[in-house]
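User: I'm new to this one and would like a close look at a single part of it. Could you pick a spot, start there and walk me outwards in plain words?

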Amino acid sequence: MKRRKAWIGIAIMLTVVWGVSFFLNRDKTDPAERWLMRQNEENSDNRIIHDRNLEIEILSCTIVEEDDQSALEAYPVENFHQMQYPSLNDTFPFVDYEGIKAESEALKDVYEHPGKYTVEELDRIFEENGDIIRENTYERHRKTRFAFLECKITSSVAGKQAIAPFVYRRFQNGKKIDYDTSNTLVYFDKAMFRDWDVRSYFNWYVFTPGEPLECTLGFALREDFYLGNDAAYYLGGYPRDPDFEKLPDPKYDSNAVRIDEEFGKK
């Protein structure tokens, strides 16, 4: 009987230790991140972002693949920034790092252990292996999807302003989650500056405070050559960090709305 009580006592003690360990480890997570996660859960239906003087409410999101020409043609060509439909022949520089590493042990070591080299050593290695780098750098098409957003935009000030929210991409980078940002607005159906010589003002609009602008914005969600398309895309305001070095995680940022196939989710 005493032995049984002893085992019960040990079991209770182990359970308590496990429980304390669980809560201590849970509490080691960033308190700010836990708060943001709770806020995000409470405001999961929020589809409003703020970008400088603009409030942008996203009413709906339609994803169109680049090779679905009939779906693209539902959006008038004159509203695209280049005033033409995106081409499947568009290419971007692609560096075949695997090919480079297979041909040069020196470059392989540089790519795998970049921190061990000085700037002078790197310059010398790249100079000596320039032919290999050039042979493994070529043009390649980046698969693209387009997110067309029905929006209601309201300005707090009068005058001409740029509609330029940022697309945040959240992806797996090795063993950690990473994110970056870009401005990939390619479509705006209420553009006021349509002549080619002022096309640089394509995304500008003259606002009256308090008067909402109902419009369609289109963003290019381009495949990353090295990460593929396994990423989540969000629309958010201009980064608070002017150096773009401390971007918020869009998954937990209340000022970001997901705009891919999982529209509105986090």
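Analyst: Let's start with Arg52, which is exposed because its relative accessible area is 51% and the cut-off for that label is over 50%. Keep in mind that this is a predicted model, and every value here is computed from it.

What is unusual about the backbone of Arg52, a residue other than glycine? Its phi is near 55°, a positive value. As for its place in the chain, Arg52 sits in the loop between β1 (48-51) and β2. That loop is a handy way into the sheet.

β1 and β2 belong to an open sheet of 5 strands, and if you trace across it the order reads β1-β2-β5-β11-β9, with antiparallel pairing. At the edges you'll find β1 and β9, each pairing on one side only. From one strand to the next, the twist averages 35°. If you're wondering what holds such an arrangement together, strands of a sheet pair through backbone hydrogen bonds, either parallel or antiparallel.

Now step inwards to β5. Is this strand mostly covered or mostly open? It's mostly covered, with 9 of its 12 residues buried. Strand β2 (residues 54-65) runs antiparallel to β5, and 11 bridges join the two. β5 also runs antiparallel to β11, this time with 10 bridges.

You can follow a row of residues across these strands. Begin at Val64, which stands opposite Phe146 in β5. Phe146 in turn stands opposite Ala220 in β11. A little further along, Thr144 has Arg222 in β11 as its bridge partner.

Arg222 is a good place to change topic, as it's one of the residues nearest the centre of the largest pocket. Which others lie nearest that centre? They are Gln82, Pro86, Asp90 and Val186, and 19 residues line this pocket altogether. Three elements give two or more residues to the lining: β5 (144-155), β9 (185-188) and β11 (213-222). You've already met these strands, as β5, β11 and β9 come one after another in the sheet order. The pocket's volume is about 350 Å³. By class, its lining holds 9 nonpolar, 6 polar and 4 charged residues.

Another residue to look at is Met83, in the loop between α3 (69-72) and β3 (92-95). Met83 is not a glycine, yet it has a positive phi of about 55°. Its relative accessibility is 34%, so Met83 counts as partly exposed.

Last, glance at another sheet to set beside the one we walked through. It's an open sheet of 4 strands in the order β8-β7-β12-β13, and the pairing is antiparallel. β8 (176-182) and β13 (256-258) stand at its edges with a single partner strand each, so each has one side without a neighbour in the sheet. On average, neighbouring strands here are turned by 30° against each other, direction ignored. β13 pairs with strand β12 (residues 231-236) in the antiparallel sense over 3 bridges. If you want a residue pair to find on screen, look for Leu235, whose bridge partner in β13 is Val257.

Note on methods:
Residues are numbered from 1 along each chain as its sequence is written. This is a predicted model: local features need pLDDT of at least 70, side-chain atom pairs count only at pLDDT 80 or more; totals for chains, interfaces and linings use all residues. Side-chain values use heavy atoms; hydrogens and water are left out. On a 1 Å grid over the protein atoms alone, a cavity is a set of points where a 1.4 Å probe fits but cannot get out, and a pocket is an open set with protein on both sides within 12 Å along at least five of seven lines; lining residues have an atom within 4 Å of a point. Grid points are joined across faces, edges and corners, and a volume is the space filled by probe spheres set on the points. Ala, Val, Leu, Ile, Met, Phe, Trp, Tyr, Cys and Pro count as nonpolar, Asp, Glu, Lys and Arg as charged, and the others, Gly among them, as polar. Two strands pair if DSSP finds at least two bridges between them. Axes are lines fitted to C-alpha atoms, for helices over the stretch in contact, and angles run from 0 to 180 degrees between N-to-C directions. Buried means under 20% relative accessible area, exposed over 50%, partly exposed in between (1.4 Å probe, protein chains only).
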